[in-house]
Amino acid sequence: MTEATSSPNLKSTKKAVVLLSGGLDSSTAAAQAIADGYEVIALSFRYGQRHERELLAARQVTAALKITEHLVVDVNLAQWGGSALTDDTLNVPTEGVQAGEIPITYVPGRNTVFIAIALSLAESKSAEAIYLGINAVDYSGYPDCRPEYLEAFQKLAALSSKVGVEGHAPKLIAPLVMDSKTDIVRRAKRLGVPIDLTWSCYQGGETPCGVCDSCRIRDKAILEANI
């Protein structure tokens, strides 16, 4: 099932699909796509995550950035568990990320599923690019946030689609992939991202928990950026 809102945007002729979770990184990627001259189609997922607070943030960010097309797709990855973000019986860690260890907040196959759907949407909408907010610097050790993962998926995009065979596969663009979290905060501020509307916390609720890995990395970066 999908939810969609749209209205015509005649200011741009080139389109980009942006994977928008509602978090700081994906919202900054969306703003970067707009700055790069793309008409943005925002794509969010209801994948069985612990809460839908981030989807509320995604809707608020699209409104603030004047993105006129936003789709929310249901893909229930919680059916088989395997992650603290989709299984309430697993505790969200608060003790930090151990070097060389993939944390239990990793959702098996999540980015692979999401990008595959984004490729389908991009081809259907004649979008030239797919923007991703993934980051390989200040991140939680997820294997699907690395540059080599993106390179492999770009090859798949070229092989798996009609537009790819014709030599026009959508380009996967990850503008933040080698930025520090502090750099991302500064870029967000420069691009006019409504940082206060974004939601990065692994927990739901009215306010961020402040102790999960995502909250601590974000809060530290905001302090370092003097925002």
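How far apart in helix α7 are arginine 216 and aspartate 213, counted in helical turns? That one gets its answer in the first close-up below; keep in mind throughout that this is a predicted model.

**Close-up 1. A salt bridge inside helix α7.**
The side chains of arginine 216 and aspartate 213 meet here, with N to O at 2.4 Å. Both residues belong to α7, which spans residues 213-224, and because they sit three residues apart, about one helical turn separates them. As background, an α-helix has 3.6 residues a turn, so residues three or four places apart point the same way. The two partners differ in how much of them shows: arginine 216 is partly exposed at 32% relative accessible area, whereas aspartate 213 is buried at 1%.

**Close-up 2. Aspartate 25 and lysine 181, a salt bridge between α1 and α6.**
This is one of the 11 salt bridges in the structure. The closest N and O atoms of aspartate 25 and lysine 181 are 2.9 Å apart. Aspartate 25 is in helix α1 and lysine 181 in helix α6 (residues 181-191), so this pair ties together distant parts of the chain, 156 residues apart. Are the two ends of this bridge buried or exposed? Aspartate 25 has a relative accessible area of 15%, so it is buried, the cut-off being under 20%. Lysine 181 is buried too, at 11%.

**Close-up 3. Arginine 46, aspartate 74 and glutamate 52, a salt-bridge network.**
Arg46, Glu52 and Asp74 are linked through salt bridges into a network. For the pair of aspartate 74 and arginine 46, the closest N and O atoms lie 2.7 Å apart. Aspartate 74 comes from strand β4 (residues 69-74) and arginine 46 from strand β3, so to speak two distant parts of the chain, 28 residues apart. Arginine 46 is buried, with 19% relative accessible area, while aspartate 74 is partly exposed at 28%. In general terms, side chains of opposite charge can pair when their charged atoms come close.

**Close-up 4. Strand β2 and its two parallel neighbours.**
Which strands pair with β2? On β3 (residues 39-46), five bridges make the link, and the two strands run parallel. Alanine 16 stands opposite valine 40 of β3. To get from β2 to β3 the chain passes through helix α1 (residues 24-35), and this β-α-β crossover is right-handed. With β5 (residues 129-131), β2 shares three bridges, again in parallel. In that pairing, valine 18 faces tyrosine 131. Four of the five residues of β2 (residues 15-19) are buried, so the rest of the structure largely encloses this strand.

**Close-up 5. The buried residues of helix α6.**
Which residues of α6 are buried? They are Lys181, Thr182, Ile184, Val185, Arg187 and Ala188. Among what covers them are helices α1 and α7. Just past the end of α6, glycine 192 has a positive phi of about 80 degrees.

**Close-up 6. The cavity and its lining.**
Searching the whole structure turns up one cavity of 30 Å³ or more. The volume of the largest cavity is about 890 Å³. It is lined by 41 residues, and those closest to its centre are Ser21, Asp25, Arg110, Tyr142 and Tyr202. Elements giving two or more residues to this lining are α1, β3, α2 (53-64), α3 (110-125) and α7. Which element gives the most to the lining? That is α3, with four residues. Asp25 turns up again here, close to the centre, after its salt bridge with lysine 181.

**Close-up 7. Two positive phi values away from glycine.**
Most residues other than glycine have a negative phi, which makes a pair of serine and asparagine residues worth a look. Serine 126, in the loop between α3 and β5, has a positive phi of about 60 degrees although it is not a glycine. Serine 126 is exposed, with a relative accessible area of 59%. Asparagine 226 also has a positive phi of about 60 degrees without being a glycine, and its place is in the segment after α7. At 71% relative accessibility, asparagine 226 is exposed as well.

Definitions and conventions:
Residues numbered from 1 in each chain as written. Predicted model: local features only at pLDDT ≥ 70, side-chain atom pairs only at ≥ 80, totals over all residues. Heavy atoms only, no water. Buried < 20%, exposed > 50% of the residue type's maximum accessible area, 1.4 Å probe, protein only. Pairing = 2+ DSSP bridges. Right-handed = clockwise from strand over helix to strand, strands pointing away. Salt bridge = Lys/Arg side-chain N within 4 Å of Asp/Glu carboxyl O. Contact = heavy atoms within 4.5 Å. 1 Å grid on protein atoms, 1.4 Å probe; cavity = no way out; pocket = protein on both sides within 12 Å on 5 of 7 lines; lining within 4 Å. Points joined across faces, edges and corners; volume = space filled by probe spheres on them.
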